[in-house]
Structures are given as C-alpha cells and as structure tokens.
Amino acid sequence: MDNYIVSARKYRPMSFDTVVGQQALTTTLKNAVKSGKLAHAYLFCGPRGVGKTTCARIFAKAINCQNPTPEGEACGECESCRSFSEQRSLNIFELDAASNNSVEHIKTLMEQTRIPPQVGKYKVFIIDEVHMLSTAAFNAFLKTLEEPPAHVIFILATTEKHKILPTILSRCQIYDFERMTVQNTIEHLKSVAQREGIAYEDAALAVIAEKADGGMRDALSIFDQAASFCQGNITYQKVIEDLNVLDSEYYFRIVDLSVANKVSEVMVQLNDILGKGFDGGLLIQGLARHVRNVMMAKDPQTLSLLEVSEQARERYQEQAGHTPLPFLYGALKLMNQCDVNYRQSSNKRLLVELTLIEIAQLTQPDDAGAGSGRKPRRLKSLFKQLVASTPAKGQQAAPQPEVKTVRQVAAAGATEEKKATAAGSAAAPRPAIKASQLGMSWDNLRQQARSKMQILPGTQAGDDKAKHESEEFAQEELELQWMAMCNRMPQRLSGIAARMKNMNPQITQLPAVEVVVPNEIIKTEVEQIRGSILATLKVYLHNSDITLSLRVAEKQEQAKILSRREQFELMSQANPDIEKLQKAFDLVLA
C-alpha cells in the first residue's frame, strides 16, 4: 500500500498560479521576480492556513531560479529548482521561531548570512511564526535585518502582526493575506474531489467551507475527514452528522414559525434539537448568524456580504422576501442578550426557551390578549369595553344603585316581572357603569399609594394630614420597622438600602432615635432621604414626635470585618456542636 498523504500536503501549491484566493498578492510577487526589484525583507501576515509559508517557499524558489519564466514563475528544471524540490537546497533555510526564539539561535542564524550562496543568486531565510521571538532576540536581529548582506533576503511569516516590534515592521515590505472566501474554498475542494475520484454534493462542500472559517488548510483537513466517513460519496446529511453541525433547515423553520407566532411549534423544534445532543448556546449562536444572513439578503447592496454558496444564497433571499425587517432587528437583539447571559444562567434551557418565545411574539398584533397564548403587547383591550360604556363629559352619570335587603329584592323582582309581562318583549337599556363603581377611581388609587408608604426622596409620605400619635415603642420594634422599611425601599435605592440594613438605630431618649453611619459619604446619602425615613418611622411606630439624628462612627466604634475563618471560630465558640458537626462530616471551609 502506498503511503497516504493528507490533501493539505498533497495539493499544496507549487507555483504562484496555483495559489488560491491571493491573486493580488501573488501578482505583486511575480512582478518583483520578473523585474528583479527585490526587497531585503518581507513580512507575510494573515490568518492560519491561507498560504503564507507556501507563498514564501514559492517566492524563495523563484528568486533563485536560473531560468525564470516570462511570467515570473520558477522553471522547475534548473539545478536550484530541483535541489529545492528534493529538499537539499543550501540556499534556502527555514527556521521555526516558536522553538528557536532565543538570542543564541538568532546569532547562529546571523553567522550563516555571511556565507555567500554556492548555487543561485540569493540566500533566503524563511522565519515562520516570527512573533514568537523574544524581545532580546528581536533586538539582536534588528541590525542585520536593517542592513543585511547583498546576497541575503529574509521572509518572515506570522499570524499575529501586532506582537512584532514596530522597528521590525518598518524594515519590511508587509503583505497581508486575505481569508479564503466560501466560494473560493468550494471551488478548490471540487477540484481536489475530482482528482481523487470522490463524488460530492455542493451543499456538503459548502458546509465544509463554512466550518473551515477562511482557512484552506482547515478545509482540506475537514474534507479528508468527511471523505473517510462517507467512503467516497460526500453527501450533505453525512457531513453534518460527521461534523456534528446542526441542519440549516432548522433555522429556516424556526424563523418561519416565529414570524407566524407559532410558539408551540417552535418549542417542539427546540426539543428536537436538544434531543439530538446539540447545545442550546450553539443553537442561539447559529440562529443569530442565520438571522443576520437573512437581514443581509433583504437588500441587494448587502447581498455580497453573505459568505455562503449560491444555493444557500437563494434560500436566504426567498426567506427575506416574507420576513419583516423589524422582526429581524428584534430577534438579533434578543439573541445577543441570551448569548451574553447564557454562561451565567443556572437554567440554560429555560433561558433559551424564553428567548425563542419572545422572538415568536415579535410580530403579534398589539392588542393580542393574554388568552391568545401570547404575551400581551398592551393592556388597552382590558378596559376597552369599560371606557366605551363610561359617559362622556357633560353627560349625566348613571345613578348609584341602592343597597336593598333580600325581601326588598324579592318584592322588586316580582314587580319587575309584572312590568315585563305588560311591556311585552321590549328590553330596558343597560345602565352605564362608572369606573368609580369598580373601585378604580384616581382618588382610590392615590389612597392605596399612601397606604403602601413607599419611601421616595424629598417626600413626607403624606404625614401632614395624619393624626397626632404618641405611642411608646421599644428597641425591638424600632429595629423591626427599620429593617422592614429597608426591604420596602424601591429598586433605585437598593444600594443605600443594603447599607442601611447593616446600621443599628438606637433609642437615645424616647422618642429620639440616633443612627450611627460608617463614614461621611454614607451619611450624605442618608441625609438626602432623611425626611422620608423619619416620616415612615412616625407612621409605623405610631409616634409623631420621633426625631432622627445621624452621627459618624468613632474609630473605636467601627466594627471589624471578619474573615470566613474568624466567623467560623466565633460560631464554634458560641456553639461547640458546630465544630462536632464539622468533624463528623469531614467538612472543609470553602
């Protein structure tokens, strides 16, 4: 059996014309070889697997070719080209800076630059992963890189240009390699499949190209994996099964169901996806990419931003035709929030379900009620009939119904029955209903707001109209009402409420109350709501003579913040059973 060679090595380009997706860059290098205008240092930078090292080798081979073609390519037949192809060339050196990154390695390399080439014109040094060199090695390399011997050319390759010293960058010609487009990757995979005699589906190669994320080497590695799994016939279903990729049909189906507000069917699709072993977070990320592609497909100007196959592009355009743009904006916002909160969520499935439910409600009518199975967008339908039946301004309100006893109701019923018999089938008009009859007038709402006694800065909680009270209260009652008040404070005052819970108000001389605060900053914050605190204490302690004073704690009064170990030791001293419990269960303090 012949030795197997992976496709990434077997089909590595050997000339500039066979390099995929870097036409502008390879044309520049060919013109430099053809004209003989060569720089002393080049820097090839870009993502992984896009051909940096391959182009460096092709360029080094073309530089030393004794009979280059008119297009600037190496002839492949001279002694220099044959020695390079057989890996015995003494003029082209490759150095891996990841494992040779010290000053000693660079000094050894600099000594080799002094020896002129035996065959050809130049000695070419290819330094791969040059960003891995240490700062001292860069400094040792700097002088030689600026003024190398006339027969020396450096070609540096890196995936992280930002890690290279600016003094190095300024001495090199910089070539930025582009990521492979999905279409270029698909075309190259087709040519490899035809050479290998492997049958394929275009959709399967599109999945491989998208999975490679712009790297041709990654695409060829995935292609080899898929070819082994599919046994010579690469199909879409087998590829997504082998690569554990979610079928894109799910994304199209979820979007269509969400636009139609079919929440139940969306939940069935989610359960099917999770049942196949896919993670909810990956589903949200994939669905967000899908919605983004649908949004790009709505406008012909942004259609070129889709890095998908032609067949998939048509599907996106078809779905974009009947998907409203506000839905796409809202869905992307919801999925972005879900992606941010996914890692911190303790119930990840519930988070994904809630996100999909909200997405499926984005296009529902504004007045859809709670009984429709969807979230009501407005509450106007709840009082629609009530407002319609309320008399307009200037009209006479319906009289208030009087309260009657059971006998009066029975007698009135008999009388009404006689009247109904005499009048025939004519029905009396239904009396109008006022909002006040249902207990929903503005006066009632204000009265309820006063009774709740919520603390608001700058208000006195309506205590001006309260009756004068002077009941005595104990320290325990004061502490209880203080804690209850802190718990009732609104969300915008949650910070100061948390600090006030750690304060202990004291009765100095009834009804005078003193509160000791830790520092001047907290005292200033409490002073801003002091009037509301005092009004609340007066009402709940039933004493209108309460006074409230604030004082910053003295140094000896400030409580020491105990560590977990110190807290445990104090608890053990107070209750020895806690230490016995620790030893019995072999517990360790976290």
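Is phenylalanine 93 buried, partly exposed or exposed? In this predicted model, phenylalanine 93 has a relative accessible area of 26%. Buried residues fall under 20% and exposed ones over 50%, so phenylalanine 93 counts as partly exposed. The residue belongs to strand β2, and its setting is best described from the sheet outwards.

The sheet is open and has five strands. Their order is β2-β3-β4-β1-β5, and the pairing is parallel. Strands β2 (92-96) and β5 (173-176) occupy the edges. Each has a single partner strand, so one side of each lacks a neighbour in the sheet. On average, neighbouring strands are turned by 15° against each other, direction ignored.

Strands β3 (residues 123-128) and β4 (residues 152-158) run parallel and are joined by five bridges. Within this pairing, isoleucine 126 has isoleucine 155 of β4 as its bridge partner. Helix α6 (residues 135-146) packs on the sheet. The helix touches β1 (41-45), β3 and β4. Its direction makes about 135° with that of β4.

Aromatic contacts were examined next. The structure holds eight aromatic pairs. One of them joins phenylalanine 93 and phenylalanine 125. Their ring centres are 5.2 Å apart and their planes lie at 15°. Planes under 30 degrees apart count as stacked, so this pair is stacked. The pair links distant parts of the chain, with phenylalanine 93 in strand β2 and phenylalanine 125 in strand β3, 32 residues apart. Phenylalanine 93 is partly exposed, whereas phenylalanine 125 is buried, with a relative accessible area of 1%.

Phenylalanine 141 and phenylalanine 154 form an edge-to-face pair. The distance is 5.1 Å centre to centre, with 85° between the planes. This pair also links distant parts of the chain. Phenylalanine 141 lies in helix α6 and phenylalanine 154 in strand β4, 13 residues apart. Both residues are buried. Helix α6 touches β4, and the ring pair links these two elements.

Ring pairs also build a cluster. Its members are Tyr42, Phe44, Phe59, Tyr175 and Phe177.

Two arginines are placed over aromatic rings. The charged end of arginine 253 sits over the ring of tyrosine 250, 5.3 Å from the ring centre. Arginine 315 lies over the face of phenylalanine 252, at 4.1 Å from the centre of that ring.

How values were computed:
Residues are numbered from 1 along each chain as its sequence is written. This is a predicted model: local features need pLDDT of at least 70, side-chain atom pairs count only at pLDDT 80 or more; totals for chains, interfaces and linings use all residues. Side-chain values use heavy atoms; hydrogens and water are left out. Two strands pair if DSSP finds at least two bridges between them. Helices (H or I, at least four residues) and strands (E, at least two) are DSSP runs, numbered from the N terminus. Axes are lines fitted to C-alpha atoms, for helices over the stretch in contact, and angles run from 0 to 180 degrees between N-to-C directions. Contact means heavy atoms within 4.5 Å. Rings of Phe, Tyr and Trp (its six-membered ring) pair if their centres lie within 6.5 Å; planes under 30 degrees apart count as stacked, over 60 as edge-to-face and the rest as tilted. Buried means under 20% relative accessible area, exposed over 50%, partly exposed in between (1.4 Å probe, protein chains only). A charge sits over a ring if NZ of Lys or CZ of Arg is within 6 Å of the ring centre and within 35 degrees of the ring normal.
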